[in-house]
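Student: Could you take me on a close look at the largest pocket of this model, and then at whatever else helps me find my way around?

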Amino acid sequence: MKRATGGAAGGLRPSAAPLAWSLSGIALLAGAWALAARSLPEIILPGLGTTLRAFAALVSEPATYLALGESLSTYVIGLTIAAVLGALLGLVSGLNASANAALAPLFALLNAVPTVAWMGLAMIWFGLGAGPTAFLIVVTTTPILAAALRNALRERDRRYEELAEAYELGRGERLRHVTVPPLVGPAHAALVSMAGLGWKLTVMGEFLTASRGLGEQLVIAKAHMQTSRVIAITILLVLVWVLVEALLRVIARWCAPRPSKRSAAGVGRGESPAAAGGERAGAIRCEGIALGHDGERIAQEISFAATPGSVTAILGPSGIGKSSLLHVLGGIAEPFEGAIERSEGLRCSYVFQDDRLLPWRSLGENVALCAGVSLERACDQLAQLGLGDACARMPHELSGGMRRRGALARGFLRDASLLLLDEPFAGLDVRRRVALIEDIERMRRLSGKTIIFVTHDVEDALLLADQAIVLGGSPVASVAARVDLTPFGRERALEDPAMAEPRSRLLAALLDENIAAGVTEHHTLKA
């Protein structure tokens with residue numbers, strides 16, 4: 001006989017282990033109850049049998065269900081009002097700093113006033129009945145959801161909003177796929193907390209007013225010193241909460257993000273999106289562009305042109321304005337001055353420095369959403385980059401290189417003739433870098449896209465670009481060098497002696513002349 005090893009709870013299936021432990025906990029509590037009931041008077045703690053008979057009598061009485069209906073109606077009304085108010089206050093305060101400052105005293109007041117004080121005021125204002133209890137639920141639980149949504153909005157990752165803007169997602173898509181998903185987790189946790197506290201407040205309010213619901217039943221049982229009936233009512237209240245909590249879990253699963261079912265956006269398999277726009281679909285020209293950051297000018301007099309289907313490399317030290325230039329070219333930022341001429345109908349696709357894959361969507365769904373294609377088409381594109389098996393995997397399950405290729409697939413698959421790449425090779429080892437360069441060149445030939453990419457590495461430009469532009473100078477940068485690489489064709493080798501001259505020019509523009517000479521000599525000897 002083979003002996004089972006490992007596993008949870010002595011060989012139980014993982015799914016059965018939690019149930020086994022829960023049953024064990026219930027059995028332990030029942031045993032402790034039975035032992036304590038033997039040594040205590042029945043009015044203090046009745047036995048299990050007495051309590052079970054009281055519970056059976058309770059659930060057989062029609063009045064119990066009338067009282068339960070009253071309690072639930074008050075609970076649902078109060079919790080609904082609290083949820084609506086909490087959502088509105090949380091969204092307004094989270095999206096607007098002025099509104100947050102204006103609402104801060106209200107939140108402080110709601111959190112500071114004791115519950116009993118609110119109940120006393122509510123009984124004066126609303127009298128008896130459901131009014132005081134519903135009011136108590138609203139003023140006590142509203143701040144929970146409001147604070148959760150406010151904090152989630154203030155701490156949200158704004159890079160995803162920039163992604164949505166770069167890929168021109170519609171307002172509805174942006175709300176559904178970018179804005180709402182990161183709020184679902186905090187909102188669900190807050191609603192569960194509100195629901196649990198609200199149910200306790202419902203019974204407490206009814207108990208204090210002694211006018212309706214199960215709270216009134218508790219008052220009557222207490223007045224007659226019926227300990228077993230008080231415990232039976234308490235058990236019923238616990239069971240109702242268990243059902244409410246289960247319903248909240250079902251609602252949370254129903255509200256969870258679902259796979260994208262968007263259809264293909266008019267681009268057939270193998271068709272070149274750039275070619276569909278005409279001969280000059282990917283042309284763009286900059287004239288005298290000036291860039292700034294936080295109101296300070298960082299670059300000026302940037303002029304160059306990218307012809308359809310060409311590859312342009314932008315080089316320069318960190319912080320000189322390379323990424324800002326891409327933002328301006330992509331239309332998600334405005335230059336300080338200068339003009340940008342774009343071919344008619346030009347659309348841009350963007351690959352950021354970081355992959356910016358939405359954490360709540362699979363890799364395939366990320367590509368399909370931003371590219372505007374079906375999930376099948378997205379997975380087919382991923383397969384061409386060696387990611388066919390990763391289409392259904394979540395971003396956190398992927399390596400950095402896989403995420404980078406996924407972002408590249410998203411950029412290439414979008415129906416846009418201009419592709420902007422912001423340091424696409426950063427952080428990759430030599431093997432992955434060379435493989436990604438080969439992937440970009442292969443996909444460029446298939447798509448016909450015009451590509452402008454930012455890099456720190458001269459060799460990236462030498463291998464991939466038709467022209468290389470170096471930004472340099474201090475304190476305000478400008479075009480320090482412009483190198484035409486088209487005479488070397490598309491099939492290049494870094495060890496080719498002919499590459500020494502353009503390499504030297506690019507290095508000289510990036511570094512001091514003495515340092516550049518030393519690095520150039522090192523590359524020449526190595527070749």
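Tutor: Happily! In this predicted model, the largest pocket has a lining of 24 residues, and those nearest its centre are Ala187, His188, Leu191, Leu248 and Ile251. Pocket here has a set meaning: on a 1 Å grid over the protein atoms alone, it is an open set of points where a 1.4 Å probe fits, with protein on both sides within 12 Å along at least five of seven lines, and lining residues have an atom within 4 Å of a point. The space in the largest pocket comes to about 670 Å³, a volume being the space filled by probe spheres set on the points, with grid points joined across faces, edges and corners.

Residues are numbered from 1 along each chain as its sequence is written, and side-chain values use heavy atoms, without hydrogens or water. Local features need pLDDT of at least 70 and side-chain atom pairs count only at pLDDT 80 or more, while totals for chains, interfaces and linings use all residues.

Four helices each give at least two residues to this lining: H3 (62-95), H6 (130-154), H9 (181-209) and H11 (227-255). Helices are DSSP runs of H or I with at least four residues, numbered from the N terminus. H3 supplies the most, eight residues. By class, the lining holds 22 nonpolar, two polar and no charged residues; Ala, Val, Leu, Ile, Met, Phe, Trp, Tyr, Cys and Pro count as nonpolar, Asp, Glu, Lys and Arg as charged, and the others, Gly among them, as polar.

Now set the second largest pocket beside it. Its volume is about 400 Å³, and 17 residues line it, with Val434, Ile437, Glu438, Leu463 and Arg492 nearest the centre. Helices H16 (430-447) and H17 (458-464) are the elements giving two or more residues to this lining, and H16 has the largest share, eight. Here the lining has six nonpolar, no polar and 11 charged residues.

H16 also has a partner in H15 (residues 400-413): their axes come within 11 Å and cross at roughly 15 degrees. Axes are lines fitted to C-alpha atoms over the stretch in contact, with angles from 0 to 180 degrees between N-to-C directions. Angles under 35 degrees count as roughly parallel, so H15 and H16 are roughly parallel to each other. On the H15 side, Arg404, Arg405, Leu408 and Phe412 meet H16 residues including Leu436, Asp439 and Ile440, where contact means heavy atoms within 4.5 Å. The residues of this contact are five nonpolar, one polar and four charged.

Conventions
Angles under 35 degrees count as roughly parallel, over 145 as roughly antiparallel, 65 to 115 as roughly perpendicular and the rest as oblique.
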